[in-house]
Amino acid sequence: AGAVSLFRRCGIRRVLLDLARERVKGNRLASSVASSQRTLLGLGLDELRELSAEFALPQWRGQQIHDAIYGEMRKTTIEGMQQLPLGFRQALVEAGYETGRREPVEIVSDDDGTRKALFQLRCGSIIEAVGIPVERAKGRSANNPDDDLYEDGDELLEEEDETPGRRRRFTVCVSSQVGCAMRCSFCATGRQGFRRNLTSDEIVNQVLSMEDVFGRRATNVVMMGMGEPLLNLREVLRAHRCLNRDVGIGGRYFTISTVGVPNALSKLAAHRLQATLAVSLHAPTQELRERLIPSAKAFPLDALLEEVRLFRKATGRRVTFEYTLLAGENDSEDHARALAKLLRSKVGRGSHINLLPWNPVAGANHQRPLKSAVNRFCNVLAAERGVSYSVRATRGLVAQAACGQLTGAFERKSSRSNQ
């Protein structure tokens, strides 16, 4: 038993070291990218005013830049900011500045209105973002399996709509890294490995570009695309600040997801964001979770849920638990009972479970559950006290834009074309 314990501790230590190396590597690569080009996107009003002062111009010129980037004009180049003096525009370009805006190089549309966009970064890497327009009737049952997706961050203000009794929602799902180090077996991004962290301007650009594609303002932003946001916390927080303060998206309409990174939730809690935390759980036991998520060896389930409990206590914010249903692996009635018991005992009453029937990923040895299995799982949760649930509707499946499918078709196509 002692030898097994020692082996396990050594294994966990190796995983922790691997995650630490990936984090350092990602920060270095992101810093290298950021230092090679100076971008205006991501800078706040005060920073833009200071920039104008550095060029010996009135600070209200910074307000003009702010309006040009984040306002209705949405200028994508410095040359296009005609309200600025020609000399100032030329000086900014000569000093190495650019707006930081990049248009999608390709867009794939789904019949349900979802669109997935491919962005090629300065370094040549590829990332994807997804735009999900949703129009839904006001009022819903918390336990209705047919509810719309993205129950996370559901505290939307009512928008005016021409259809009585309905409201409009437009969610943008953004990536925070190129690839992912968490290695979830059921996720296309995790199967491709990790390359680097995104900079804040690269994250913000995804939202602004998807707004341009759809011709409407985003109501919600979910950091559930490529990557583990808490392994890139610095740039994620900078992007959140910009999207909240400068773009004008309400703080409660953000969702930040995580598989779980040791000691990261306390750092996130210290910033007192209004964002919803979505914890990717996917299993009610440590043994099963390690099989599905190899990186989970570094963060035992009990320790993760204790950090979640402390996060909820410190922030007062709702936490949701993402649970991907995999046929014959984690979708039984016993799994549902164990999941409810686990969350009640470790986190407390009031936990919300967001169920996601698995979306197929090429090369992954999993199966999507039958609707009858999903219903049985839901029926068990409905009978359990202290937990609520919703089933995320599958959106963007044809365009490979559904949850867990990002980087699939675009990345493979790009690789084949370069061979």
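## Exercises on a predicted chain

Residues 24 or more positions apart account for 71% of the contacts (heavy atoms within 4.5 Å) in the chain with a separation of 6 or more. The model is predicted, so to speak of a local feature takes pLDDT of at least 70 and to count a side-chain atom pair takes pLDDT 80 or more, while totals for chains, interfaces and linings use all residues. Residues are numbered from 1 along each chain as its sequence is written, and side-chain values use heavy atoms, with hydrogens and water left out.

**Exercise 1. Take stock of the chain: count its helices and strands, then describe its burial and surface.**

Step 1. The chain holds 12 helices and 14 strands; these are DSSP runs numbered from the N terminus, H or I with at least four residues for helices and E with at least two for strands.
Step 2. Of the 419 residues, 53% count as buried, where buried means under 20% relative accessible area, exposed over 50%, and partly exposed in between (1.4 Å probe, protein chains only).
Step 3. The accessible surface comes to about 18200 Å², by the Shrake-Rupley method with a 1.4 Å probe; for residues, only the protein chains shown count as cover. Carbon and sulfur atoms own 49% of this surface.

**Exercise 2. Work out which face of helix H10 (residues 333–346) is buried, and what covers it.**

Step 1. Check the length: 14 residues at 1.5 Å a residue should span 20 Å, and the end C-alpha atoms of H10 are 20 Å apart, which agrees. The expected span is 1.5 Å times one less than the number of residues.
Step 2. List the buried residues of H10: Ala 336, Leu 339, Ala 340, Leu 342 and Leu 343.
Step 3. Look down the axis of H10: these buried residues fall within an arc of 160°, so they line one face of the helix. The arc is that of the directions from the helix axis to the C-beta atoms.
Step 4. Recall the geometry: an α-helix has 3.6 residues a turn, so residues three or four places apart point the same way.
Step 5. Turn to the other side of H10, where Asp 334, Lys 341 and Ser 345 are exposed.
Step 6. Find the cover: the buried residues of H10 are covered by elements including helix H9 (301–315), strand E12 (319–325), strand E13 (351–357), helix H11 (371–383) and strand E14 (387–391).
Step 7. Just after H10, Gly 348 takes a positive phi of about 110°.

**Exercise 3. Describe how strands E3 and E4 pair.**

Step 1. E3 (residues 106–109) and E4 (residues 115–120) pair in the antiparallel sense over four bridges; pairing requires that DSSP finds at least two bridges between the strands.
Step 2. Val 108 stands opposite Lys 116 in E4.
Step 3. The hairpin has five residues between the strands, and Gly 113 takes a positive phi near 95° there.

**Exercise 4. Compare the settings of Ala 56 and Arg 74: is each buried or exposed?**

Step 1. Most residues other than glycine have a negative phi. Ala 56, however, has a positive phi near 60°, and Arg 74 a positive phi near 50°.
Step 2. Ala 56 lies in the loop between helix H2 (45–54) and helix H3 (60–70), whereas Arg 74 is in the loop between H3 and helix H4 (86–94).
Step 3. Ala 56 counts as exposed, at 71% relative accessibility, while Arg 74 is buried, with a relative accessible area of 11%.
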